[in-house]
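Subject: Structure handover

Hello,

Here is the structure for you to pick up. Please have it open in a viewer while you read the notes.

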Amino acid sequence: MQTLTITRPDDWHLHLRDGPLLGAVAGFSARRFARALVMPNLRPPVTTVALAAAYRQRILAALPPGTNFRPLMTLYLTDATAPAEIDRVRASGFVHGVKCYPAGATTHAEAGVTSLAHCRAVFERMEELGVVLQLHGEATDPAVDPYDRESVFLERELEPLLQRHPRLRVVLEHVTTRAGVGFVRAQGDRVAATLTPQHLLLNRAAMFAGGLRPHLYCLPLLKREPDRVALAEAATGGEPRFFLGTDSAPHARRAKESACGCAGVFSAHAGLELYAEVFAQAGRLGRLEAFASFHGADFYGLPRNQTRITLVRDPWPVPASYPCGDDELVPLGAGERLAWRLLEAEATP
Ligand code: DOR
Ligand code: ZN
């Protein structure tokens, strides 16, 4: 049987939530990934190193026994974040960046930044100390069409930001467009991007295939086919500034299948296997390891993982749902088959 053994990967963009939902999802990521950058958009948001330390402990307590998974934390930037907090980030050893949500851009982004211009002093401190800014790159101007929010953000917000702060290190999170890929490529080594499985595998037609598919609704939205093709080329092309970030964002079925459903796609159940589909489709499975296990660690200046993980080509049906308290989580690819399966026995050091 065909197998693929690679250095254990990291997930550079993950929503683990809190409370019972955290308990329901943490094990999926811990089985596959050595580390994950855990998003801070809780309610209330994780705005300080002290809050991140407490959240990190709750995550560790929720992990299945015997796992070596290491949560890497990031802070939720607000208009009120003080430059001194960045000093505490640098000193912490466990906070690996600051996440910027433009206010109102997405789930739990109400407390986000109303204007990047308000954060100059914080960004200057981040430049001085080499702290990475993780950006949700979408314009929030209601006059901007939802499908244009990323490209407008690049032009109106990100380009000027990079000019104002020539040493600021930035990850454009979940890049979704050909324009976004081109933008990242045109920058120097200080700008990188994460790519999600849903944006690599699907275009926007999938959200409307045969009816409305709320479980494929996420922000940024799925885009057009030429965008998807550009993302797949960036992911599988071996370029060091593109790396794995699932953006697995669980919401219970009732919150998704609603008159005003939540944005977010749950993909942690197959957080590596879904990418294997993308690389297999491109005939570039040999490049999965660098994308999943090297590029992110290298960008963040962290050591590459020493342990290995094995995928086997053995198609398996993705369950229609996973349990989540008195509700369910509907995973990406529910009811479909994935070609690559995680070999649990070898997923240890
Ligand atoms: O679809 C999304 N869901 N996009 C985000 O940026 C946030 C996430 C969430 O937390 O549910
Ligand atoms: Zn996210």
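The notes below go through aromatic rings, a histidine site, cavities, a helix residue and backbone geometry. Please keep in mind that this is a predicted model.

**Aromatic rings**

A search of the whole structure gives 11 aromatic pairs. One of them is Trp12 with Phe243. Their ring centres are 6.4 Å apart, with 75° between the planes, and the pair is edge-to-face. Trp12 belongs to strand β2 (residues 10–14). Phe243 belongs to strand β9 (residues 242–244). The two residues are 231 residues apart, and the pair links distant parts of the chain.

How accessible are these two? Trp12 has 1% relative accessibility, so it counts as buried. Phe243 has a relative accessible area of 0% and is buried too.

Trp12 has a second partner, Tyr300. Here the centres are 4.6 Å apart and the planes are at 5°. Stacked pairs need planes under 30 degrees apart, so the pair of Trp12 and Tyr300 is stacked. Tyr300 sits in helix α11 (residues 288–300) while Trp12 lies in strand β2, so this pair ties together parts that are 288 residues apart in sequence. Trp12 and Tyr300 are both buried.

Which residues do the ring pairs link into a cluster? Trp12, Phe243, Phe299 and Tyr300.

Phe299 also has a charge over its ring. The charged end of Arg169 sits there, 4.2 Å from the ring centre. Another arginine, Arg304, lies over the face of Phe294. Its distance from that ring centre is 4.0 Å.

**The site around His136**

His136 is in the loop between β6 (133–135) and α5 (149–164). Is it buried or exposed? His136 has a relative accessible area of 1%, so it is buried.

Two side-chain polar contacts are worth loading as distances. His136 to Glu138 is 2.9 Å. His136 to His174 is 3.3 Å.

Leaving aside neighbours within four places in sequence, the contacts of His136 include Lys99, Cys100, Tyr101 and Pro102. Ala105, Thr106 and Phe153 are also among them. So are His174, Leu219 and Pro220. Leu219 is 83 residues away from His136 along the chain, and their C-alpha atoms are separated by 9.2 Å.

His174 has a backbone feature of its own. Its phi is positive, at about 35°, although it is not a glycine. His174 is placed in the loop between β7 (170–172) and α6 (178–186). At 2% relative accessibility, His174 counts as buried.

**Cavities**

How many cavities of 30 Å³ or more does the structure hold? There are 2. The largest has a volume of about 120 Å³. It is lined by 17 residues. Those closest to its centre are His15, Thr106, Leu219, Asp247 and Ala249. Two of these names, Thr106 and Leu219, are also contacts of His136.

Asp247 has a positive phi as well, about 55°, and is not a glycine. It lies in the loop between β9 and α9 (253–256). Its relative accessible area is 6%, so Asp247 is buried.

**Thr236**

Thr236 is in helix α8 (residues 225–236). It is buried, at 1% relative accessibility. A polar atom of the Thr236 side chain lies 2.8 Å from the backbone oxygen of Ala232. Not counting residues up to four places away in sequence, Thr236 touches Val278, Phe279, Ala282, Arg284 and Arg287.

**Cis peptide bonds**

Which residues do cis peptide bonds join? Arg43 and Pro44 are joined by one, with omega about 0°. Pro44 is placed in the loop between β3 (35–38) and α2 (49–62). Leu219 and Pro220 are joined by another, with omega about -5°. Pro220 is placed in the loop between α7 (197–201) and α8. Both Leu219 and Pro220 appeared above as contacts of His136.

Best wishes

Note on methods
Residues numbered from 1 in each chain as written. Chains lettered and ligands numbered in written order. Predicted model: local features only at pLDDT ≥ 70, side-chain atom pairs only at ≥ 80, totals over all residues. Heavy atoms only, no water. Phe/Tyr/Trp six-rings, centres within 6.5 Å; stacked < 30°, edge-to-face > 60°. Helix = DSSP H or I, 4+ residues; strand = E, 2+ residues; numbered from the N terminus. Buried < 20%, exposed > 50% of the residue type's maximum accessible area, 1.4 Å probe, protein only. Lys NZ or Arg CZ within 6 Å of the ring centre and 35° of its normal. Contact = heavy atoms within 4.5 Å. Polar contact = N/O pair within 3.5 Å; in protein donor to acceptor, adjacent residues only side chain to side chain. 1 Å grid on protein atoms, 1.4 Å probe; cavity = no way out; pocket = protein on both sides within 12 Å on 5 of 7 lines; lining within 4 Å. Points joined across faces, edges and corners; volume = space filled by probe spheres on them.
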